[in-house]
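Me: Could you take a close look at one part of this model with me? I would like a connected account of it.

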2 protein chains.
Amino acid sequence: MAQSDTVDRILDAAEELFAERGFSETSLRMITSKAKVNLAAVNYHFGSKNALIHAVFARFLTPFSAILEQAFDDLEARCGDQPASLNQTLWALTESAVCMPQRTEKGISIFMRLLGLAYTQSQGHLRMFLEQEYGHTFSRFMRMLKEATPQLSAVDRYWRIQFMLGATAFTMSSSDALQDILQNKIGVETSVQEIAARLVPFLAAGMQAEDAMLTPPPGSKVSVA
Amino acid sequence: MAQSDTVDRILDAAEELFAERGFSETSLRMITSKAKVNLAAVNYHFGSKNALIHAVFARFLTPFSAILEQAFDDLEARCGDQPASLNQTLWALTESAVCMPQRTEKGISIFMRLLGLAYTQSQGHLRMFLEQEYGHTFSRFMRMLKEATPQLSAVDRYWRIQFMLGATAFTMSSSDALQDILQNKIGVETSVQEIAARLVPFLAAGMQAEDAMLTPPPGSKVSVA
DNA sequence: TTGCGCTTCAAACGTATGTTTCAAACAGAC
DNA sequence: GTCTGTTTGAAACATACGTTTGAAGCGCAA
């Protein structure tokens, strides 16, 4: 019991509620009542709601970035002085996410959804926090992507990375929402491993698309520089 | 002057603020002070904040869906009884978005960002509204995608469409956010036409990725069903 | 001018939020 | 058992929100 139990219960409840409702739409009262702790406990243990948000991210991002750095180390060791391929790099990322020890069975989809929210909801304090804490790992990933796609121009690569991030963050972040809209409710599997196994080839193919396809069809009103 | 001026000023201000801050984070007081109208004007002219959100979407989505339906009509007429290709379908969508008459020069990126928010922020009332008003056009687009990718299984297609939506909505919606994080601040062009010209080939390539790539690299801890 | 819709305005309403307060309960060392 | 520092508890705080109110202002037909 004692301190850490309250802290963890708050973090668990906050993580889940943030993931399913967003940050602003989740009140401290929802969190504390779900966690069965007193309202004042959040401000006592974390200081503020924003600090709680940071703590929620830090709890899974810190071990994740450690695992990811290790995976990159391994990959680069295996590759010797050759740069890692795009497929290898993406899989290293994916496996690090999937294989991370999870608290619950839906831990990883909460994880992805929170990451998506971090980008989507324009919380300045969160972006600053994430960039400061985990910017190094992120930059390393970007550097590896660059070495894995030497054929792309800097501008092409920049945009295609945005597309990749978008497809990933968005897919993982719209847990139930999209499944409502695409009424094609075929029996959709929800395992994150399976989604990742479908997503990675999609991303790799997009990333390596031929520039030739850049040309719009004849008669198009869209001009390319 | 008179009525419609106030209504339009509210819509303009709301559109811009919603796009840059999200729905819950934008208060009626921000909107009315930006629009230089009285606070009560929103409830007088629209009835509620939710109804204002609907009106903002209806103002650009109604003409857009009309243009899009027309573009699909044209495309299907050109194709005769053949189904339209994936490239043609995606370009029809893109051109409809790009060529829509814009109120301001950043109109289309606001447009895209709002669409992204509509999916991302879990506003039940908005999803219901959009599905009810524009579900028909959306279903038609989905049908054309299906006919353009007969080689894909239903499940594969379902997920790849999610990836496409994600890459699109996310890219367009993270106007400044991502450009902060990817510090690679190469001189990035902002023209939506140019982004679209890069996005469509990315999407088409991802959509048509080989299933063979579905297999993770040897030694992977990720298993595929 | 008078009267009548429609629109604007300042002010208030009730509610919900994040945060603070301070006393009570608790745990462990002496 | 008593003291001390830490944690919990119920209540209140100030503020911000969406919404409502009722009077004032307006354009325009009679």
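Of the atoms of DNA strand D within 4 Å of the protein, what percentage belong to sugar or phosphate?

Reply: Happy to help! This is a predicted model, in which local features need pLDDT of at least 70 and side-chain atom pairs count only at pLDDT 80 or more, while totals for chains, interfaces and linings use all residues. Residues are numbered from 1 along each chain as its sequence is written, chains are lettered from A and ligands numbered from 1 in the order in which they are written, and side-chain values use heavy atoms, with hydrogens and water left out.

To your question: sugar or phosphate accounts for 50% of the atoms of DNA strand D within 4 Å of the protein, and bases make up the rest. The strand is surrounded by 16 residues (near means that a heavy atom of the residue lies within 4 Å of the strand). The closest are Thr6(A), His45(A), Leu28(B), Arg29(B) and Lys49(B).

Phosphate oxygens of DNA strand D lie 2.5 Å from a polar side-chain atom of Thr6(A), 2.7 Å from one of His45(A) and 2.9 Å from one of Tyr44(A). Two or more residues each come from helix H1 (3-21) and helix H3 (40-45) of chain A, and from helix H2 (28-35) and helix H3 (40-45) of chain B; helices here are DSSP runs of H or I with at least four residues, numbered from the N terminus. H3(A) gives the largest share of this surface, 3 residues.

By class, the surface near DNA strand D holds 8 polar, 5 nonpolar and 3 charged residues. Asp, Glu, Lys and Arg count as charged, Ala, Val, Leu, Ile, Met, Phe, Trp, Tyr, Cys and Pro as nonpolar, and the others, Gly among them, as polar.

Terms used. Polar contact = N/O pair within 3.5 Å; in protein donor to acceptor, adjacent residues only side chain to side chain.
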